[in-house]
Structures are given as C-alpha cells and as structure tokens.
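Hello,

Here is the structure I promised to pass on. Have a look at it first, and then read on for what I found in it.

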Amino acid sequence: MSSMNPRPACLAIVQARLSSSRLPGKVLMPLAGMPMILFMLERVKRATLIDQIVLATSTDASDDALADAVREAGYAVHRGPLNDVLARFAGAAQASDAELIVRLTGDCPLIDPALIDRVISQLCAQKLDYCTNSEPASYPDGLDVEVFTRQALLQAAEHARLPSEREHVTPWLRAQAQKLRIGSLSSVIPLAQLRWTVDHLDDLQLVRALVDALDAQAGPGAALRADLFDFLRLLDARPELLQLNPHQRNEGYAKSLRNDALQAAAAQP
C-alpha cells in the first residue's frame with residue numbers, strides 16, 4: 001500500500017477451543033511436529049496485510065492448556081464466553097486499535113496467506129463492510145476467510161440474538177445485505193468439493209498426509225510455505241487422498257441452525 005493512502009490496521013482473530021464435540025482437543029493435536037493451532041498461526045502470520053494476530057478462546061478451564069501453548073509461542077490470547085464466540089470477537093477487537101478484523105477458525109491449518117490478503121484487499125478496494133470467500137462456497141472447505149470492519153462487528157455484537165449468530169460470529173452480518181456493503185471473492189476454478197478443514201480424525205489424517213508429502217518432496221517446512229496451488233498439484237498427483245474424509249461442508253453451522261429451530265419451537269406457547 002502507498003504511504004499516501006495508508007491501509008487501516010488489520011487484526012486477525014483465530015477462534016479455537018478444546019471442547020470440540022466432534023474431535024475434542026484437535027487444535028493441540030500434532031501436525032508437522034507442532035500443535036495444529038501453531039502450524040496454522042505460522043501460516044496466518046505470512047499474510048502481508050495482517051498487522052496483529054490474536055487467539056480468541058474461552059475462559060473455561062478446559063481451554064487453559066490451549067491459551068498457555070499459544071502464549072508460550074509468542075501470540076496474543078483473548079479469553080471470553082465459551083459459547084458466545086461473537087462476544088469473544090468483540091472483546092478481542094475492543095482490546096485492539098485495528099479497524100479491520102479477519103475471522104479465521106482454528107480448525108483450518110492449511111489456510112492460505114495469499115487468499116487472506118486477497119479478501120482484505122477486496123474489502124479495502126471496494127470500501128465494503130464485510131467480504132468473504134466462503135459465501136457462496138467456491139474454495140476448499142478449510143480456506144474460509146471473512147473480513148469485516150470493527151464497526152460492523154460491534155453492531156453484530158449488539159444486535160445478534162440467535163444462538164447460531166452468537167456462536168458463528170457472522171450470520172447476522174451476512175443477513176444485513178440491505179444495510180451493509182457486502183462482497184465476496186470467488187475462485188475461478190470450482191473447488192468447494194474439497195475438504196481441508198479438521199472436524200474429524202479422518203480430516204486430520206488427510207491434512208497430515210498433505211503436509212507430510214510436501215515436506216518429503218521439498219524439505220522440512222515446505223508445507224508451512226505452501227499455497228493453495230501446491231496442495232492442488234499434490235492432490236492431482238495423489239487423488240486417492242481425496243477418499244480419506246467424506247463429510248458435509250459446514251457441519252457445525254448446520255448443527256447450530258437446528259438448535260435455533262429447537263429453541264424457537266420450545267418458545268411457542
């Protein structure tokens with residue numbers, strides 16, 4: 001960015017907890033010789049447009065080990081409510097002077113730094129309030145990036161009410177198309193059928209296979225530097241890896257929507 005037109009400070013908030021219902025403790029499971037969350041954070045900090053990174057985890061004692069591991073690695077940690085992740089994000093943002101917020105989830109160790117930069121750049125260039133590469137889905141599940149302004153986040157924290165809106169941070173924002181400037185970044189190649197997120201043990205097995213194969217090809221640390229196309233080339237050479245993890249996209253959000261419906265039904269007289 002030109003010094004004549006400075007970019008607003010950008011904070012990446014990575015949400016994670018150890019009490020995952022499908023694969024408890026996954027973010028501290030080993031990947032390339034380190035906890036998975038640290039592998040991911042190493043990749044996030046390669047994004048050139050991010051100024052600060054913070055892990056947003058809960059105040060629950062079950063997340064003490066996660067907070068300690070991330071702090072010991074030199075990253076900032078913000079702790080807030082276990083189930084109200086939106087409140088966690090608002091608290092982390094208010095502890096920073098950043099005007100732009102990047103939302104990332106800790107179960108996406110293969111997140112692409114260049115893709116993060118592209119979504120940030122689009123939000124800035126188009127003067128948007130919210131921009132994502134996940135709606136509509138066109139990139140692999142596990143490369144989801146959401147960027148929004150500090151003001152938009154604080155509006156969501158004030159007005160969002162549904163459990164799914166509080167747990168998944170951005171549904172309220174995405175529903176404000178008439179009030180907010182919303183944009184999206186789409187892949188020129190349809191890749192949404194690929195699943196690189198880690199919700200189940202077989203997801204982790206796929207990610208480990210990809211990382212180990214790249215490190216074996218190009219030396220230790222190659223997977224930390226790899227981009228989307230490096231992983232695509234590897235899968236093109238080894239398509240059998242795609243059979244490791246057949247699961248639904250966005251399982252957690254689908255579960256939250258079912259919980260919304262149950263809560264609404266319970267409130268009926």
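Before we start, one term: a crossing of two helices is left-handed if the near helix is turned anticlockwise from the far one by less than a right angle, and right-handed if clockwise. Please also keep in mind that this is a predicted model.

**The overall picture**

The protein has 269 residues, and 54% of them count as buried. It is built with 11 helices and 9 strands. Among contacts with a separation of 6 or more, 71% are between residues 24 or more positions apart.

**Helices H1 and H2**

That term comes in handy right away, as helix H1 (residues 36-44) packs with helix H2 (residues 64-72). Two packed helices are described by the angle between their axes and the distance between the axes. Here the angle is about 40° and the axes of H1 and H2 are 10 Å apart. That angle makes H1 oblique to H2. H1 and H2 make the contact through Ile37, Leu38 and Leu41 on the H1 side and Leu66, Ala69 and Val70 on the H2 side. Which hand does the crossing of H1 and H2 have, left or right? The crossing of H1 and H2 is right-handed.

H1 is also mostly covered, with 8 of its 9 residues buried. The buried residues of H1 are Met36, Ile37, Leu38, Phe39, Met40, Leu41, Arg43 and Val44.

**Helix H5, a helix with two sides**

Next, please turn to helix H5, residues 150-159. Its buried residues are Arg150, Ala152, Leu153, Ala156 and Ala157. They sit on the same side of H5, because they cover an arc of only 165° around the axis. An α-helix has 3.6 residues a turn, so residues three or four places apart point the same way. Gln151 and Glu158, on the other side of H5, are exposed.

What do the buried residues of H5 pack against? Their partners are helix H3 (85-94), strand S6 (100-105), strand S8 (146-149), helix H6 (163-167) and helix H7 (171-174).

Let me say a little more about H3. The axes of H3 and H5 come within 9 Å and cross at roughly 140°. That makes H3 oblique to H5, and H3 passes H5 in a left-handed crossing. On the H3 side, the residues that meet H5 are Leu86, Phe89, Ala90, Ala93 and Gln94. On the H5 side, they meet Arg150, Leu153, Leu154, Ala156 and Ala157.

**The loop between H4 and S7**

Two residues are worth a look here. Asp129 is in the loop between helix H4 (113-126) and strand S7 (130-132). Is Asp129 buried or exposed? Asp129 has a relative accessible area of 11%, and the cut-off for buried is under 20%, so Asp129 is buried. A polar atom of the Asp129 side chain lies 2.7 Å from the backbone nitrogen of Arg181. Leaving aside neighbours within four places in sequence, Asp129 is in contact with Leu123, Val147, Phe148, Thr149, Ala152, Leu180 and Arg181. Ala152 links back to H5, where it is among the buried residues.

Lys127 is in the loop between H4 and S7 as well. Unlike Asp129, which is buried, Lys127 counts as exposed, at 59% relative accessibility. The phi of Lys127 is near 55°, a positive value in a residue other than glycine.

**Other backbone features**

Val169 is in the loop between H6 and H7. Its phi is near 70°, again a positive value in a residue other than glycine. Val169 is buried, with a relative accessible area of 1%.

In the loop between S7 and S8 you will find Pro136. A cis peptide bond joins Glu135 and Pro136, with omega about 0°.

**Ala226**

Finally, Ala226 is found in the loop between helix H9 (222-225) and helix H10 (228-237). Ala226 counts as buried, at 4% relative accessibility. Leaving aside neighbours within four places in sequence, Ala226 is in contact with Arg43, Leu214 and Phe231. Arg43 takes you back to H1, where it is one of the buried residues. Ala226 and Ile111 are 115 residues apart in sequence, and their C-alpha atoms are 9.9 Å apart in space.

Happy browsing, and best wishes!

Conventions. Residues numbered from 1 in each chain as written. Predicted model: local features only at pLDDT ≥ 70, side-chain atom pairs only at ≥ 80, totals over all residues. Heavy atoms only, no water. Buried < 20%, exposed > 50% of the residue type's maximum accessible area, 1.4 Å probe, protein only. Helix = DSSP H or I, 4+ residues; strand = E, 2+ residues; numbered from the N terminus. Arc of directions from axis to C-beta. Contact = heavy atoms within 4.5 Å. Polar contact = N/O pair within 3.5 Å; in protein donor to acceptor, adjacent residues only side chain to side chain. Axes fitted to C-alpha atoms, helices over the stretch in contact; angles between N-to-C directions. Parallel < 35°, antiparallel > 145°, perpendicular 65-115°, else oblique.
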